[in-house]
Amino acid sequence: MQKLYELVLSWGREHKDQLQQVLWITNRALVAELEGSPPQKYTIMSNKCDLSKEEKVWVICHLLYQAPPGEFCSVFEDLRILVQDDDLMRQEAAQVCAHHNKNNFTLVRIKGTNVLVTRYNDLGGNRFFDPKNKFSFKFDHLSGISNKFQLHRVAWDETELWRTALNSALKAYVNSHFPSGDCSVFRKTLKNRQIFVVCIAGHQYKQLGFWNCLWKGEWTFSQVPVITQVTGAIHMQVHYFKDANLHMTVCKTVEETLHVIDPAQLAIDFVKLIKTEDNKFHIAMLENFQALTDEIWRKILRRQLPVTRTVINWNKLLTNQSMKANISSCEVPLSVLKCTV
C-alpha cells in the first residue's frame with residue numbers, strides 16, 4: 001500500500017497525463033488487498049485507461065484516508081494536481097477531511113482559545129461547540145477557517161459542575177506535559193446516564209524537519225455513585241520522511257475503576273490515573289526501542305550483509321577501467337562511499 005502511495009506522488013508529478021493508468025493500478029491493488037487476493041504485477045503503459053467517476057472517487061478517498069496526521073493538505077494538493085478536477089476533489093475530499101480532523105482531535109485556535117474538533121462536540125452541518133466557553137462555530141475542514149460564532153447554551157446543573165472540575169484538573173496536567181496540546185471534557189447522555197468523555201491531544205507537526213507526530217488519549221466513564229468503570233485508549237502515530245519513509249502507530253487500551261465521592265476528589269484521582277497510564281506507555285515505548293539491538297535492526301531494516309565494522313574504500317576497489325566506464329554515468333552518494341558494514 002505505501003509503495004503504491006509513493007508511486008502516485010512521485011511518478012505522477014512527472015507524468016500527469018498517465019494518471020488514469022496509475023489510478024487503475026492502485027484501484028485493482030486495493031481491491032486485491034481487501035479481498036485477500038495475491039498481489040499482481042502491472043505495467044504502466046503509455047495508453048490511457050479510462051476510469052469511471054465512481055472508481056476515481058473510490059481511489060481518491062482511500063488514498064486520503066491514509067494521510068498521516070498533519071499531512072492531509074499536502075496529500076490533497078498532490079492528488080488535486082494529478083486528478084485535474086477541482087470540483088470532484090473538493091466534493092469528495094470534504095467528507096474524508098472531516099473524518100481526518102475529528103479522528104485526530106484537530107486543534108483550532110479561535111479568538112485566543114483552543115478548541116478540539118472531535119465527534120463528541122459535533123453538532124452537525126460542520127458546526128462544533130466549545131464546552132468551556134459555551135459557544136459554537138462553523139468549521140471548514142478543507143480550509144481550516146472557522147466563522148459564524150453563536151452562543152451554545154448548556155444547563156448549569158450538577159453534571160456541569162462535575163465536568164468543570166474534571167476539565168480544570170485535566171487542563172493543568174496537559175499544560176505541564178503537552179506544550180502544544182490541549183484537552184476537553186464532554187458530557188453525553190446514554191440511557192438516562194451521564195457520561196463523561198475526555199479527549200487529550202498533543203500535536204507536533206514539523207514539516208520542515210521531515211517529521212510529524214500525534215499523541216492522543218480518549219477516556220470514558222459514567223457519573224455513578226461510589227465506583228465507576230473507566231475505559232481509555234492511548235494512541236501515538238509518528239511519520240518520519242527524510243531519507244526514508246517510516247510510519248509508526250502504537251495503541252494501548254486501559255480499563256480501571258475510580259471511586260466517585262465528590263467532583264474535586266474524582267478530578268484528582270482521574271488525573272492521577274491518566275498520568276500513571278501515560279508514564280507506563282512512555283516507559284514501555286522507550287524499553288521497546290532499547291530492545292532493538294543492532295542485530296534486530298540489521299535483520300529488519302537492511303539487507304543481509306556480513307558485519308565487519310570496517311569502512312570500505314570504494315575508490316580502491318574500482319581499479320578496473322572497464323568498470324569505471326560502466327559506472328561513470330551513475331552518481332554515487334557520499335553516504336554510500338562512507339558506509340560501514
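1. Let's start with a strand pair: S7 and S8 run antiparallel to each other and are joined by 10 bridges. Two strands are called paired here if DSSP finds at least two bridges between them. Strands (E, at least two residues) and helices (H or I, at least four) are DSSP runs, numbered from the N terminus. One of the bridges matches Lys188 with Ile195 in S8. The two strands make a hairpin with 2 residues between them, and Lys191 in that turn has a positive phi of about 50 degrees.

2. A quick word on what you're looking at. This is a predicted model, in which local features need pLDDT of at least 70 and side-chain atom pairs count only at pLDDT 80 or more, while totals for chains, interfaces and linings use all residues. Residues are numbered from 1 along each chain as its sequence is written, and side-chain values use heavy atoms, with hydrogens and water left out.

3. Back to the sheet. S7 and S8 belong to an open sheet of 5 strands in the order S7-S8-S9-S10-S11, with antiparallel pairing. Its edge strands, each pairing on one side only, are S7 (181-190) and S11 (246-260). From one strand to the next, the twist averages 15 degrees. Angles like this run from 0 to 180 degrees between N-to-C directions, with axes as lines fitted to C-alpha atoms, for helices over the stretch in contact.

4. Now walk across that sheet. S8 and S9 are antiparallel and share 12 bridges. Ile195 turns up again here, with Ser222 as its bridge partner in S9. S8 and S9 form a hairpin too, with 4 residues between them; Phe210 in the turn has a positive phi of about 65 degrees.

5. The next pair along is S9 (residues 211-222) with S10 (residues 226-240), antiparallel over 10 bridges. Look for Asn212, whose bridge partner in S10 is His239. Helix H7 (residues 263-291) packs on the sheet, touching S8 (193-206), S9, S10 and S11, and its direction makes about 150 degrees with that of S11. Contact here means heavy atoms within 4.5 Å.

6. The last step takes you from S10 to S11, antiparallel strands joined by 15 bridges. Gln237 is matched with Thr249 in S11. These two strands form a hairpin with 5 residues between them, and Asp243 in the turn has a positive phi of about 60 degrees.

7. There's another sheet to find. It is an open one of 4 strands, ordered S3-S4-S5-S6 and paired antiparallel. Strand S3 (122-124) and strand S6 (146-151) are its edges, each pairing on one side only. Neighbouring strands in this sheet are turned by 30 degrees against each other on average, direction ignored. Strand S5 (residues 135-139) pairs with S6 over 4 bridges, in the antiparallel sense, and Lys138 stands opposite Asn147 in S6.

8. Do have a look at the aromatics. The count comes to 13 aromatic pairs, where rings of Phe, Tyr and Trp (its six-membered ring) pair if their centres lie within 6.5 Å; planes under 30 degrees apart count as stacked, over 60 as edge-to-face and the rest as tilted. Phe128 and Phe139 are an edge-to-face pair, because their planes are at 80 degrees, with ring centres 6.5 Å apart. The pair links distant parts of the chain, 11 residues apart: Phe128 in strand S4 (residues 127-130) and Phe139 in strand S5. Phe128 is buried at 0% relative accessible area, and Phe139 is buried at 4%. Buried means under 20%, exposed over 50% and partly exposed in between (1.4 Å probe, protein chains only). Phe128, Phe135, Phe137, Phe139 and Phe149 form one aromatic cluster.

9. Two lysines are worth a click as well. Lys111 has its charged end over the ring of Phe149, 4.6 Å from the centre. Likewise, the charged end of Lys216 sits over the ring of Phe105, 5.0 Å from its centre. The rule asks for NZ of Lys or CZ of Arg within 6 Å of the ring centre and within 35 degrees of the ring normal.

10. How many disulfides are there? The count is 0, with a disulfide taken as a pair of cysteine sulfur atoms within 2.5 Å. For Cys97, the closest cysteine sulfur is in Cys73, 6.2 Å away and so too far for a bond. Cys97 counts as buried, at 2% relative accessibility. For Cys199, the closest cysteine sulfur is in Cys183, 9.5 Å away, again too far for a bond. Cys199 is buried as well, at 0% relative accessibility.
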